[in-house]
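Student: Let us go through this model term by term. I will ask what justifies each label, and you set the value against its definition.

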Amino acid sequence: MCLGIPGQIIEITDTDRYMGLADVSGVRREVSLLPVTEGPLDDMVGKWVLIHVGFAMAVIDEDEAQKTLEALRGLGEAQETLEQMAEGDKALEEVR
Amino acid sequence: MRYVEEFRDPKAAKSVLAAIAQVADEIGATRDKPVHIMEICGGHTHAIFRYGLDKLVHDGIEFIHGPGCPVCVLPRSRVDECIELAELPEVIFTTFGDAMRVPGTKKSLMQAKADGADIRMVYSPLDALELARRNPDREVVFFGLGFETTTPSTAFSIQQAAREGLTNFSVFCNHITVPPPIKALLDDPHMVLDGFVGPGHVSMVIGVHPYDFIAQDYGKPLVVSGFEPLDLLQSVLMVLEQIRDGRAEIENQYARVVPEHGNPASLAAISEVYEPRPTFEWRGLGEIDESGLRIRDAYAAFDAEAKFGIGYGAAKGRAVVEEPEGAACGLVMTGRCKPTDCPKFGTGCTPEMPLGALMVSSEGACAAYYQYGGARATEAAE
Amino acid sequence: MNMTTPVSRLRETRVTLAHGGGGKAMRDLIEDVFTAVFQPPGMEDQARLMSAALQEPGARLAFTTDSFVVTPLEFPGGDIGKIAVCGTVNDLAVGGAKPLWLAASFIIEEGMEIATLRRIVASMAREADAAGVRIVTGDTKVVGRGSADGVFVTTSGIGVIPPDRDLKAEAIRPGDVAIVNGVLGDHGAAILAARGDLALSTDIESDCQSLSELMEAALAAAPGLRAARDATRGGLASALNEMAEAAGVTIEIDEDQLPLRAEVMGMCEILGLDPLYLANEGTLVLFVPEDQAEAAIDAMRNTGAGRDTVAIGHAVSREATPVVMKTRFGGSRIVDMLVGEQLPRIC
């Protein structure tokens, strides 16, 4: 359900209809900015949005993205510590 | 690709998988006594199989594939109505590609197109609107299909058509909503679910609170999740941690896209253009109260049901059609049996000759099992 | 081939039914648009051909035919004429044949612009030249408006397989390495964008190119080359499935090794498509014994069509399914044949 993909707004194409050009890895498509425009339309240029069926449905929150990635990195570090502890235990066993 | 690649990092996946295994062990989940987690959304089902996540997670976790695939829950009678509309000589029938192969009682839209109906696949309802502008002498009907994620796009398109005074554009509204069927599933005494992974793009529109009842009234955890593999794995971990800690909360793993209260402009457009139908039929689930939307009278000029007298609101009444004989679509849909338990799976029902919609849509549980060969499908075959 | 444009005898700007009527108008069309450019040897209704290569003991004749329909007729990176030459040249080349001659037939829709037709024919001549084949005979028909989509082109090709060369998918053995010569899905993605109905714009160009030089380079470096397939309709996934079935092996490919272009991936993400199933028009997959893989890859990379050559996996003993892909996560998934046509989806 509901394929959505991040893209960056690169220009405003139609002010009356709230349309802008979005770039997804070099593929460009005109999308509606109606769902996400709060202030001046031009402020949308440069923003990363989540695109679904030709509509920019959300502005992607960079801080939240970083937080999620940090949580994932944290898991990685915790895992490494666990592995090191396991190896330490094993080394101790061998010493004994 | 920004916001995509980072969330597909195999190295990070390893540590999430290890953490999942650890928590699964802590709560005593085993292959014989698994934790049942329903991923509601077909997009999640697709991602699970595309990345082979079902084979990577701890043995004690069983994914139950939920009803969040709009074409999978579309009753055959609705497909018949689409074809009836599409075969009207003045109509250009526009649809997302997803609906093209879904079987009706006699044929699919693909077959109707071959029979001469003017059916066009579009990427966006905006493209259907453009077709209407360019073909003033034809009636352009857009097949409004999908959950809350997609509903705003047709609402905005109808509003735009109204502003422009377009008289040859209408929407055949089959939009449905996620929370009511989840409630119906939870009310089913046969259901054994321990937690949910919630559809992130639906919550992008409606926020996280419409799911509060799941935690409050049913005591089940739900984590709203993104669609990349790391998103999904992290969400599974969060569900497991809630189970371990004896919590039942609605958590948001996908905060980069999902605001707590959703998207105000989209919600406003939905409530201006649409209202709930008293009841709506779901394939495999039956009638569910207030689970479908219709176009409000103020926008009747853009309502294909009102304009052509075809569909749910039609005077001739509702067509009730039986499901394919011998197939277990309904049981699979509700997670009570696996695709491979269906007597027709892989024999009478294949992606080439689908009996039910679950075999048609690439996010349908049956097609996913068949094409990506889920671990459990392989086991069943052995 | 002489490419100078002759003095035009055609006054019309569009093809009419008269151009298919068998009279003077038809002769003018054929002579002006086709034979002046292709310059076939002799003007009989048949081409009479000689080749020393065919007289070598053990040499075999390879003969193939293919029809080409594409919308739009011209697209970034090629046109229907270029595809019609490359497609048939490649069908010969992947079987180990050296392509020599082509026949080209045109079914032209009434109303087709003659200027477009000229561009398509010029493009065919250019590509034939580059691939070292001659277009030696052909035919034209004109059908009423609506009975065709601009122009349909059928090309048939003849080539010679040198003695002792016998490429076939049945020869693939467990352990053999699968190699592709370039990025996947460019043609399919370029056509999707060029059709315009999805309102997507990209700089992706079709990979449409002849592969005969590449094949000869691979064969010279890796004489044990087992088999090759052109990954056209149905994409790499379909080519691999056909080969695995024929050989009775399972082919394991590695998602991490697949050569994919960011733009093609972007297009696939937007439309919910899988690049493994997107069409290619100048991309092949071939199998060589493991000890010749490196030599084959090096040799292929030295050709114009093979700069991005890379190994993507290998054959193993037959398992439950013909083609399996190891995902970047260490999981695996079945890569099945495509069911019907891949449709853009939103779900």
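Student: What makes 17-44 + 55-161 one domain of chain C?

Tutor: The bounds come from an automatic or database domain assignment. That assignment divides chain C into domain 1 (17-44 + 55-161) and domain 2 (169-334). Their centres, taken over C-alpha atoms, are separated by 27 Å. The model is predicted: local features need pLDDT of at least 70 and side-chain atom pairs count only at pLDDT 80 or more, while totals for chains, interfaces and linings use all residues. Residues are numbered from 1 along each chain as its sequence is written, and chains are lettered from A and ligands numbered from 1 in the order in which they are written.

Student: How many residues does each of these two domains of chain C give to the contact between them?

Tutor: Domain 1 of chain C gives 23 residues and domain 2 of chain C gives 21; two residues are in contact if their C-beta atoms, placed from the backbone, lie within 7 Å. On the domain 1 side, α3 (80-93), β4 (98-109) and α4 (114-131) of chain C each supply at least two residues. The largest share of that side, eight residues, is from α3(C). Helices (H or I, at least four residues) and strands (E, at least two) are DSSP runs, numbered from the N terminus.

Student: What is the make-up by class of the domain 1 side of chain C?

Tutor: That side has twelve nonpolar, seven polar and four charged residues. Ala, Val, Leu, Ile, Met, Phe, Trp, Tyr, Cys and Pro count as nonpolar, Asp, Glu, Lys and Arg as charged, and the others, Gly among them, as polar.

Student: Why is α8(C) called largely enclosed?

Tutor: A residue is buried if 20 or more other C-beta atoms lie within 10 Å of its own, exposed if 12 or fewer, and partly exposed in between, with C-beta atoms placed from the backbone. Nine of the ten residues of α8(C) meet the buried criterion, so the rest of the structure largely encloses this helix. Among them are E263(C), M265(C), C268(C) and L271(C).

Student: What do the buried residues of α8(C) pack against?

Tutor: They pack against β1 (5-14), β2 (19-24) and β3 of chain A, and against α5 (186-195) and β8 of chain C. Just after α8(C), G272(C) has a positive phi of about 70 degrees.

Student: Which elements of chain C make up the side that touches chain A?

Tutor: In this contact, 16 residues of chain C meet twelve residues of chain A. The elements giving two or more residues to the chain C side are β8 (200-201) and α8 (262-271). Of these, α8(C) gives the most to that side, with seven residues. By class, the chain C side divides into eight nonpolar, four polar and four charged residues.

Student: Why do β3 of chain A and β8(C) count as a pair?

Tutor: Two strands pair if DSSP finds at least two bridges between them. Strand β3 (residues 27-32) of chain A and β8(C) have two bridges, in the antiparallel sense, so by the definition they pair. The bridge partner of R28(A) in β8(C) is S201(C).

Student: What does chain A contribute to its contact with chain B?

Tutor: Chain A contributes 28 residues, and chain B contributes 42. On the chain A side, β4 (48-52), β5 (55-59) and α1 (62-95) give two or more residues. The most comes from α1(A), with eight residues. That side of chain A has 17 nonpolar, eight polar and three charged residues. Chain A itself is divided into domain 1 (5-60) and domain 2 (61-96), whose C-alpha centres lie 39 Å apart.

Student: Why does the radius of gyration of chain B agree with a compact globule?

Tutor: The radius is taken over C-alpha atoms, and the globule rule is 2.2 Å times the number of residues to the power 0.38. For 382 residues the rule gives a value near 21 Å, and chain B has 21 Å, so the two agree. The C-alpha trace of chain B spans about 65 × 45 × 40 Å along its principal axes. Of its 382 residues, 60% count as buried.

Student: What makes β11(B) and β12(B) a hairpin?

Tutor: Strand β11 (residues 279-282) and strand β12 (residues 286-289) of chain B run antiparallel and are joined by four bridges. Three residues lie between β11(B) and β12(B), and G284(B) in the turn has a positive phi of about 85 degrees. W282(B) stands opposite G286(B) in β12(B).
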